[in-house]
Amino acid sequence: MLLFQWVTSVQAQKEQTISLNDAIKMAKENNMDIQKSHIEQRISEKEIDVTKNLRLPEVNFNAMYSRLSDLTEYEGAFFTDKHTYTPEPGTVIYDAVTKFDMPLYAGNKINNAISKAKQENEIAKIKLEKTENDIQLDVAATFLGIYKMMELQKIIDESIREEQERLKEVKAFKTFGTVTKNEVLRSELQLSDRELNSLTNKKNIKIALQDFKTLLQLPEEQEISIDTTAIFDETNLLKDYGFYLKETMQNEEMRIASREVEVKKTELNMIKGNYYPKVGFFGNYNLKYPDYMLFTLNRPYLYTIGQIGVEASYNLSGLYKNKARVEAAKLKVELQENESTRVKNKMEDQVFRTHTQYQEILDKFLVTEKALELAKENYRIIKVKYLNQLVLITEMVDADNALLQAKFNKVSTRIDAVMKHYELLHTAGLFNK
């Protein structure tokens with residue numbers, strides 16, 4: 001019974017069939033790049049808490065114990081007249097100090113640091129969204145690439161069967177002396193070429209399936225196949241260019257570029273904060289021995305003393321040192337605004353190119369249909385002529401190649417349309433909508 005269950009489990013593992021929607025869902029859950037982006041996004045959330053802690057007081061405790069040597073006092077020049085004193089009551093000093101500092105005002109730098117952390121968290125969220133969309137597009141491209149090779153394999157296998165039948169016919173003609181040996185060799189060469197194509201394509205399918213498993217983080221030993229029954233249902237009607245352009249201006253790359261400009265402006269404000277004074281609330285409490293704060297060391301008593309108040313400081317050197325930093329920060333803002341414009345231009349070009357290419361592929365549908373009909377009719381005519389010894393084997397081979405290419409062009413164009421549909425959605429930021 002256990003053996004039967006184990007065999008059933010292994011078979012089930014080897015027979016997993018995955019649709020494109022299933023693959024996209026699995027990638028969002030398992031892909032390592034997406035998991036990395038999730039971690040980076042959580043880190044950015046923690047960075048907000050870290051910067052908020054700058055508002056909290058700094059509390060320190062310090063304890064010290066030491067033994068003093070004798071004190072040697074020199075009265076004369078060049079250490080000529082000296083007196084030695086032994087501190088009372090011995091040579092021991094110790095103290096314990098508790099101190100706190102709480103910022104009240106720091107040129108608004110703390111608020112700006114928190115704002116920057118929040119902006120970077122927003123960027124991390126958008127980058128997570130972009131990573132998910134990029135991986136989904138990779139999954140779709142790999143899936144459709146496998147599908148295209150599978151369809152090509154069907155065409156090649158069908159062609160191999162036809163070449164095998166043709167080789168039998170040519171050999172029969174050779175037996176009756178109606179064709180030359182060269183035509184037999186030409187037919188055998190054509191069959192060998194198809195078999196080599198088949199071998200190469202099968203290896204490519206195997207490699208692509210391995211890449212597909214890596215994208216989905218499936219086990220190495222997992223055997224998979226793809227379900228393409230509803231693949232062409234994924235393609236919707238092509239909308240006008242203006243719709244996709246409007247959506248593209250709000251896609252992930254555009255939003256990231258805009259947030260990066262905000263971050264650089266916040267950094268500029270943080271640097272400008274160096275022009276302002278710092279104001280803080282502070283306090284400390286000390287336990288020390290012996291009493292040497294107001295008197296000499298000959299008072300062997302514990303004593304305590306504390307302070308509480310407000311401290312203000314102003315860095316005068318910042319008036320001239322900070323100017324260069326502010327100018328550099330302004331240039332960084334300008335550079336980021338330039339980058340944002342560059343991204344905008346890139347997105348406009350990309351959505352126009354993808355939309356135009358999609359329309360071109362849709363226009364090819366009727367052309368590929370007509371080309372396939374013509375190739376079939378041409379093949380039929382040439383085959384009849386060949387069987388009646390009216391044309392050479394080379395014409396038969398050319399007609400066969402043209403038919404194979406026409407069949408593949410039709411399937412390939414339909415699959416390319418689905419892929420271009422996904423690329424357009426990805427550029428417009430609509431992949432998950």
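**Exercise 1. Is Gln-217 buried, exposed or partly exposed?**

Solution. Start with the ground rules. This is a predicted model, where local features need pLDDT of at least 70, side-chain atom pairs count only at pLDDT 80 or more, and totals for chains, interfaces and linings use all residues. Residues are numbered from 1 along each chain as its sequence is written, and side-chain values use heavy atoms, with hydrogens and water left out.

Step 1. Fix the classes. Buried means under 20% relative accessible area, exposed means over 50%, and partly exposed lies in between (1.4 Å probe, protein chains only).

Step 2. Apply them. Gln-217 has a relative accessible area of 37%, so Gln-217 is partly exposed.

Step 3. Place the residue. Gln-217 sits in the loop between α5 and β6. Helices (H or I, at least four residues) and strands (E, at least two) are DSSP runs, numbered from the N terminus.

Step 4. Check the backbone. Gln-217 is not a glycine, yet its phi is positive, at about 60°. Most residues other than glycine have a negative phi.

**Exercise 2. Find another residue with a positive phi that is not a glycine, and place it.**

Solution. Step 1. Go to Asn-108, where phi is about 65°.

Step 2. Locate Asn-108: the loop between β5 (92-105) and α4.

Step 3. Classify Asn-108. Its relative accessibility is 35%, so Asn-108 counts as partly exposed.

**Exercise 3. Describe the protein chain as a whole.**

Solution. Step 1. Count the elements. The protein chain has nine helices and eight strands.

Step 2. Look at burial. Of its 433 residues, 36% count as buried.

Step 3. Look at the surface. The protein chain exposes about 26400 Å², with 55% of it supplied by carbon and sulfur atoms. The areas come from the Shrake-Rupley method with a 1.4 Å probe; for residues, only the protein chains shown count as cover.

Step 4. Look at contacts (heavy atoms within 4.5 Å). Among contacts in the protein chain with a separation of 6 or more, 82% join residues 24 or more positions apart.

**Exercise 4. Which elements give two or more residues to the largest nonpolar core?**

Solution. Step 1. Define the core. A nonpolar core is a set of buried Ala, Val, Leu, Ile, Met, Phe, Trp, Tyr and Cys residues joined through side-chain atoms within 4.5 Å. In soluble globular proteins, nonpolar side chains tend to be buried together.

Step 2. Find the hubs. The largest core has 33 residues; Leu-20, Val-139, Leu-144, Phe-212, Leu-216 and Tyr-422 touch the most other members.

Step 3. List the elements. They are α2 (20-30), α4 (109-175), α5 (181-216), β6 (224-227) and α9 (393-427). Helix α4 gives the most, with 10 residues.

Step 4. Look beyond this core. Another core, of 24 residues, lies apart from it and includes Phe-173, Tyr-379, Leu-404 and Ala-406.

**Exercise 5. Work out how α3 and α4 pack.**

Solution. Step 1. Recall the description. Two packed helices are described by the angle between their axes and the distance between the axes.

Step 2. Read both values. Helix α3 (residues 32-52) packs with α4 at an angle of about 170°, and the axes are 9 Å apart. Axes are lines fitted to C-alpha atoms, for helices over the stretch in contact; angles run from 0 to 180 degrees between N-to-C directions.

Step 3. Name the arrangement. Angles under 35 degrees count as roughly parallel, over 145 as roughly antiparallel, 65 to 115 as roughly perpendicular and the rest as oblique. Therefore α3 and α4 are roughly antiparallel to each other.

Step 4. Sort the residues. The contact of α3 with α4 has nine nonpolar, seven polar and 10 charged residues. Here Ala, Val, Leu, Ile, Met, Phe, Trp, Tyr, Cys and Pro count as nonpolar, Asp, Glu, Lys and Arg as charged, and the others, Gly among them, as polar.

**Exercise 6. Compare Lys-125 and Asn-112.**

Solution. Step 1. Place both. Lys-125 is in helix α4. Asn-112 is in helix α4 too.

Step 2. Classify both. Lys-125 is partly exposed at 42%, whereas Asn-112 is buried at 10%.

Step 3. List partners, leaving aside residues up to four places away in sequence. Lys-125 is in contact with Gln-41 and Glu-45. Asn-112 touches Thr-266, Asn-269 and Met-270.

Step 4. Add a distance. Lys-125 and His-38 are 87 residues apart in sequence, and their C-alpha atoms are 8.3 Å apart.
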